[in-house]
Amino acid sequence: MQNGEKFPSVSQYSGPVANADGSVDIYFGPQAPKGKEKNWIRTVPGKGCFPYLRFYSPTEVFFNETWKPDDIVEMN
Amino acid sequence: MKTQTEKTKAQEQNPPETVDTRLGPLEFTHDFANGYPTDETVERLYDERDFQRACQAYIWSLPAVSFTAWQRGITKELGARNGQIVAILSLEARRGILTANATTPYYLGFADLSAGPLIMVIPPQGVQGGISDAWQRTIPGTESPGTYLVVAPGQKVPDDVAGYSVRQSPNFNIFLGARLTDPDPAKAKEALEQLQMYPYAQRDNPPKAEILDVGTKEWSGLPPRGMEYWERLDDVIQREPLEPQDTYFHAMLRPLGLEKGKPFKPDTRQTKILTEAALVGEAMAKANSADRRFAGGKYRSDAHWDFALQLDADDPDAFWNLLDERASWFYEAVGAGPAMAPKRPGPSSAYLGAYKDKAGKWLDGGTSYRLRVPPNPPIKLFWSVTVYDVDTRALILNEQKIADRSSRMDLHKNDDGSVDIYCGPKAPAGFEKNWIPTVPGKNWFAYFRFYQPTEAYFDRSWPLPDFEQV
């Protein structure tokens, strides 16, 4: 997606901030929530979009479906 | 960065878009390129996808569904046992077959090989026959006299095949068609008594060859309409192997509930789509047969007569990949082989079809027409004109029980040797013998048959004019 950023992505390499339990929240939207800039991917008003969640060398919990990501939920 | 910001602002103004298409309005959350289809539009797109696929599946499946419907009529309605030869001689019985001729006797049988290989005997004299598979393709090497052992896919050829010519069928259901060639009735009868099909397992004690004479019983071997069409297609999908060239058709039918190894239980949505597609698919097939739009379809440019069978006798296998040409024949007819689309003189027959009159109007049962058959018809045996109902594509049903006129009959001839055939609700005075009665309120079409056509047919120097309104 052409959103004005160099890469429209967040990865373990880009250094997102983890929650206390080790989970990671990713934010999508035209503006970053305050303090969540490292966990944010900018989207563009007027355009639909979709994300890919990539697993490089996935392990057992991916295949047996015991590890599952949340749906994307709309924020107030 | 500035331009980027301006662009972003412009895109904020990107409102939902509705695109008008042949499917009706398609609604998107933004414009078509940037938006997703709305929930309602997604439903519409899936319904339309499945509907289009089902219409095309109708056109694709005609040879196999027609075969299965025919086999079902012979076994379930007429009660023929597996492999039994059936005699179809009367006009009433012939009306169960797509564009049957009204002249030559039909001896035919269907066999299911799923229980094991089958023996087929074509006697050395008096019968010309051959077998075709469940898609109505001729099985190579079955057309001369002999004792054949027919083996289905996955079946082991028995160890002892002495005395048999082994033939491999590409699928499990086959059809034997035969024609008597001996003019002597006693010899013809003798030949018929030797014509048979029975399971290899019964080779030591074969069943008595009893021909089932249908008499004047009315029955139907015609492809059905509505959901029954898809039920017959499901028979084909369940019984026969999936052939590589049909892979995508099978894939396209899966969302419609038609899948090998699974019971066909269409839900409300699938039933609605399939019911409509059986009608639209047939309407497309009707147009594809009655108004052919592929190259080389016409006998001559000065009249509407079409070659009914677009098979190249020098490359008959190629015909089975010509989707539209194949459908144009199998919507209205059965069986296809080189001897039905000859390119040079020999023991064959040729078929022309007419659907429109000289003025380009559809042939109609309430209108009277004359067809002038010019002198010196290019045939060694005989010619015939046969009239068919558009509804059934079978011999026309009229009170007089007359569906054809042929050069074998006592017809009134003109002084120059031409023959006028009249088709209409009433016979013109003095031409009763040349008349085929038609029925007001129904369209019809005609086949002109050449039995053993000669050179003037092949070089197309013999003209066959159109039906003309009188």
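Visitor: Why is Arg300(B) called partly exposed?

Guide: This is a predicted model, and in it Arg300(B) has a relative accessible area of 21%. Buried means under 20% and exposed means over 50%, with partly exposed in between. So 21% puts Arg300(B) in the partly exposed class.

Visitor: What makes the pairing of Asp302(B) with Arg300(B) a salt bridge?

Guide: Their closest N and O atoms are 2.6 Å apart. The cut-off is within 4 Å, so the pair counts as a salt bridge. As for Asp302(B), its 48% relative accessibility makes it partly exposed. Elsewhere in chain B, salt bridges that share partners join Asp47(B), Arg49(B), Asp50(B) and Arg269(B) into one network.

Visitor: What lets side chains like these pair up at all?

Guide: Side chains of opposite charge can pair when their charged atoms come close.

Visitor: How do you know whether Asp133(B) is buried or exposed?

Guide: Look at its relative accessibility, which is 1%. Buried means under 20%, so Asp133(B) counts as buried. Asp133(B) also forms a salt bridge with Arg137(B), with the closest N and O atoms 2.8 Å apart. Arg137(B) comes in at 16%, so it is buried by that cut-off too.

Visitor: Which parts of the chain does the pair Arg292(B) and Glu332(B) link?

Guide: Arg292(B) forms a salt bridge with Glu332(B), and their closest N and O atoms are 3.4 Å apart. The pair links distant parts of the chain: Arg292(B) sits in the loop between helix 7 and strand 12 of chain B, while Glu332(B) sits in the loop between helix 8 and strand 13, 40 residues apart. Both Arg292(B) and Glu332(B) are buried.

Visitor: Why does Phe50(A) count as exposed?

Guide: Its relative accessibility is 60%. Exposed means over 50%, so Phe50(A) makes the cut. You'll find Phe50(A) in the loop between strand 2 and helix 1 of chain A.

Visitor: And why is Trp67(A) called partly exposed?

Guide: At 47% relative accessibility, Trp67(A) falls between the 20% and 50% cut-offs, so partly exposed is the right label. Trp67(A) lies in the segment after helix 1 of chain A. Together with Leu53(A), Phe55(A), Val61(A), Phe62(A) and Phe63(A), Trp67(A) makes a nonpolar surface patch of about 590 Å².

Visitor: What about the cysteines: why is Cys423(B) called buried?

Guide: Cys423(B) has a relative accessible area of 1%, which is under 20%, so it is buried. Cys49(A), at 37%, counts as partly exposed. Over all chains, the structure holds zero disulfides.

Terms used: Residues are numbered from 1 along each chain as its sequence is written. Chains are lettered from A and ligands numbered from 1 in the order in which they are written. This is a predicted model: local features need pLDDT of at least 70, side-chain atom pairs count only at pLDDT 80 or more; totals for chains, interfaces and linings use all residues. Side-chain values use heavy atoms; hydrogens and water are left out. Patches are made of residues with over 30% relative accessible area and no salt bridge: like charges are joined within 9 Å, nonpolar side chains (Val, Leu, Ile, Met, Phe, Trp, Tyr) within 5 Å. Accessible areas come from the Shrake-Rupley method with a 1.4 Å probe; for residues, only the protein chains shown count as cover. A salt bridge is a side-chain nitrogen of Lys or Arg within 4 Å of a carboxyl oxygen of Asp or Glu. Helices (H or I, at least four residues) and strands (E, at least two) are DSSP runs, numbered from the N terminus. Buried means under 20% relative accessible area, exposed over 50%, partly exposed in between (1.4 Å probe, protein chains only). A disulfide is a pair of cysteine sulfur atoms within 2.5 Å.
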